[in-house]
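Trainee: Got a minute to walk me through this one? I'd like to start with the interface.

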Number of protein chains: 2
Amino acid sequence: MAGTDRTMRDETIPQPAIILVKPQMGENIGAAARAMLNFGLGDMRIVAPRDGWPNEAARAMASRADEVLDHAQLFDATEEAIADLHHVYATTARGREMSKPVLTPRTMAGEGVEAIGAGQKVGILFGGERAGLDNDDVALARSVIQITTNPAFSSLNLAQAVLLCAHEWRLAALGERAEPQAFDEMSAPAAAGQMAAFLDFLSDELDESGFFKLIEDKRPTMLRNIRALFHRADLRDHEVRTLFGVVRSLSGHRQGTRKPPEQGG
Amino acid sequence: MAGTDRTMRDETIPQPAIILVKPQMGENIGAAARAMLNFGLGDMRIVAPRDGWPNEAARAMASRADEVLDHAQLFDATEEAIADLHHVYATTARGREMSKPVLTPRTMAGEGVEAIGAGQKVGILFGGERAGLDNDDVALARSVIQITTNPAFSSLNLAQAVLLCAHEWRLAALGERAEPQAFDEMSAPAAAGQMAAFLDFLSDELDESGFFKLIEDKRPTMLRNIRALFHRADLRDHEVRTLFGVVRSLSGHRQGTRKPPEQGG
């Protein structure tokens with residue numbers, strides 16, 4: 001156990017137990033720890049790891065995610081690892097001949113987050129690299145999770161399966177908070193009045209430049225199209241200011257009130 | 001190019017271009033190819049790979065996904081790689097100071113699948129291992145994709161980012177078809193009449209066994225609870241037949257019409 005209380009796991013989201021049943025390569029345990037921490041999860045349980053525990057290869061691969069390994073709980077049997085849990089899910093590569101609901105990781109994550117919210121405990125079983133979970137382990141679970149892969153090429157490794165489930169878990173846990181900021185914080189959206197001022201200015205400059213001279217009957221339609229185009233771009237405040245400058249510069253150049261560019265073309 | 005027309009990519013789903021910009025390690029290109037094919041994607045484009053092309057390390061890591069590498073297109077510049085595309089997304093590790101919509105892979109996948117359905121072409125840019133996409137590449141994209149990671153531990157490798165985006169793409173493309181079979185095909189659900197017959201049988205056997213003798217006033221409530229419990233289990237046809245046997249065996253044992261178990265306990 002690490003004696004520090006600094007942790008990188010995300011205490012703001014519900015924590016399911018990620019249970020690795022008879023994992024073989026230490027590297028894969030380490031990679032699973034990284035995948036968990038990538039999405040803020042920190043409760044790893046390990047059942048009967050082939051190469052014993054602790055495992056140096058796991059630690060080397062986990063790198064900065066070694067806190068997950070430091071806090072991992074070790075068990076001899078799957079039954080012991082899940083004894084305190086109310087909802088247990090079993091990941092399987094393909095359907096088993098068992099009468100259990102089969103869920104996508106997304107449905108599992110929605111259910112699981114809700115269950116923890118209701119004060120229950122949730123765990124997800126992942127099998128070893130070679131054969132996955134055996135039927136006795138799957139029988140301990142309430143539901144089976146199946147990742148929707150390409151049937152022609154479906155093999156995922158342990159850490160990839162953990163990664164995909166942990167990603168779904170984080171999105172379900174964050175809900176709307178999972179959406180990134182729609183725009184950068186550098187600049188506010190342009191106000192409607194500022195947009196209108198720019199579009200009026202542009203329209204005046206186009207009139208003065210003779211843009212509509214030969215197509216006066218099409219002027220209303222073309223202006224509407226031009227306005228729509230700029231509105232659709234969902235412009236930022238600073239971008240409208242830039243566009244004012246662009247139009248001013250182009251029309252100034254046309255009128256010869258500014259010096260022409262240094263070089264042609 | 002492989003001269004075969006057998007392919008493992010999933011031709012039943014829309015195919016976005018997965019564009020690796022200045023990837024470094026061949027192993028990561030190979031792992032990205034595997035991640036693509038795991039979810040049925042086959043259109044890889046590679047811009048200026050550090051170690052040239054073809055790349056033996058990429059092929060070794062891709063293993064059975066080498067068809068993706070065989071069909072990969074090579075470009076000198078990102079502009080060339082995206083020239084035919086209508087919608088280009090750029091994956092970034094963190095927000096850039098650019099005024100672009102920032103989407104989750106899920107939102108991107110929904111948009112992208114729809115765009116291909118409308119006859120447009122879609123591509124997703126992934127940067128090299130060390131620094132990701134540079135600002136000039138991001139500027140070529142309409143929107144930025146950000147994977148919702150744990151801010152305290154956010155680094156994903158190239159193949160993991162491809163894996164998560166390809167998974168979202170497949171789910172968006174399949175829609176409701178992404179849901180696994182809710183139950184195995186071994187057995188149909190129990191018919192209502194079969195359930196009713198079993199519950200009547202159980203109730204009769206409980207009456208005969210004296211189960212309600214001392215709590216006759218609670219009989220209706222307890223029977224309702226027992227019925228609810230079995231209904232909630234959403235039993236299969238063969239499971240109800242098993243339960244008939246279980247009750248028959250228990251009550252037969254009680255009545256002494258069958259021989260007791262060989263061993264006690």
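Mentor: Sure. This is a predicted model, so local features need pLDDT of at least 70 and side-chain atom pairs count only at pLDDT 80 or more, while totals for chains, interfaces and linings use all residues. Residues are numbered from 1 along each chain as its sequence is written, chains are lettered from A and ligands numbered from 1 in the order in which they are written, and side-chain values use heavy atoms, with hydrogens and water left out.

Trainee: OK. How many residues of chain A are in contact with chain B?

Mentor: 51 residues of chain A, against 51 residues of chain B. Contact here means heavy atoms within 4.5 Å.

Trainee: And what area do the two chains bury between them?

Mentor: About 4,000 Å², with 56% of it on carbon and sulfur atoms. Buried area is the accessible area (1.4 Å probe) that two parts lose on being put together, summed over both.

Trainee: How many salt bridges between chain A and chain B?

Mentor: Two. The criterion is a side-chain nitrogen of Lys or Arg within 4 Å of a carboxyl oxygen of Asp or Glu. Arg106(B) pairs with Glu168(A), and their closest N and O atoms are 2.7 Å apart.

Trainee: Which elements of chain A supply the side that touches chain B?

Mentor: Helix 1 (26-38), strand 5 (102-103), helix 5 (105-117), helix 7 (158-174) and helix 10 (237-255) each supply at least two residues. Helix 7 of chain A gives the most, with eight residues. Helices (H or I, at least four residues) and strands (E, at least two) are DSSP runs, numbered from the N terminus.

Trainee: What's the residue mix on that side of chain A?

Mentor: 22 nonpolar, 15 polar and 14 charged. Ala, Val, Leu, Ile, Met, Phe, Trp, Tyr, Cys and Pro count as nonpolar, Asp, Glu, Lys and Arg as charged, and the others, Gly among them, as polar.

Trainee: Symmetry next. What turn lays chain A on chain B?

Mentor: A turn of 180 degrees, with a shift of 0.0 Å along the axis and an RMSD of 0.1 Å. That is the relation of a two-fold axis. In chain A, Leu164(A) has the C-alpha nearest the axis, 3.3 Å from it. The same surface serves both copies, as 100% of the contact residues of chain A recur in chain B. Copies are superposed by least squares on the C-alpha atoms of residues with pLDDT of at least 70 in both.

Trainee: Now the chain itself. How many helices and strands are in chain A?

Mentor: Ten helices and seven strands. Of the 265 residues in chain A, 48% are buried. Buried means under 20% relative accessible area, exposed over 50%, partly exposed in between (1.4 Å probe, protein chains only).

Trainee: Back to salt bridges. How many over all chains?

Mentor: 28. One of them joins Asp10(A) and Arg170(A) at 3.0 Å, N to O. That pair links distant parts of the chain: Asp10(A) is in the segment before strand 1 (17-21), Arg170(A) is in helix 7, and they are 160 residues apart.

Trainee: Are Asp10(A) and Arg170(A) buried or exposed?

Mentor: Both are buried.

Trainee: What does Arg219(B) pair with?

Mentor: Asp207(B), with the closest N and O atoms 2.7 Å apart. Arg219(B) lies in helix 9 (residues 219-232) of chain B and Asp207(B) in helix 8 (residues 192-209), so the pair ties together parts twelve residues apart in sequence. Arg219(B) is partly exposed at 22% relative accessibility, and Asp207(B) is partly exposed at 33%.
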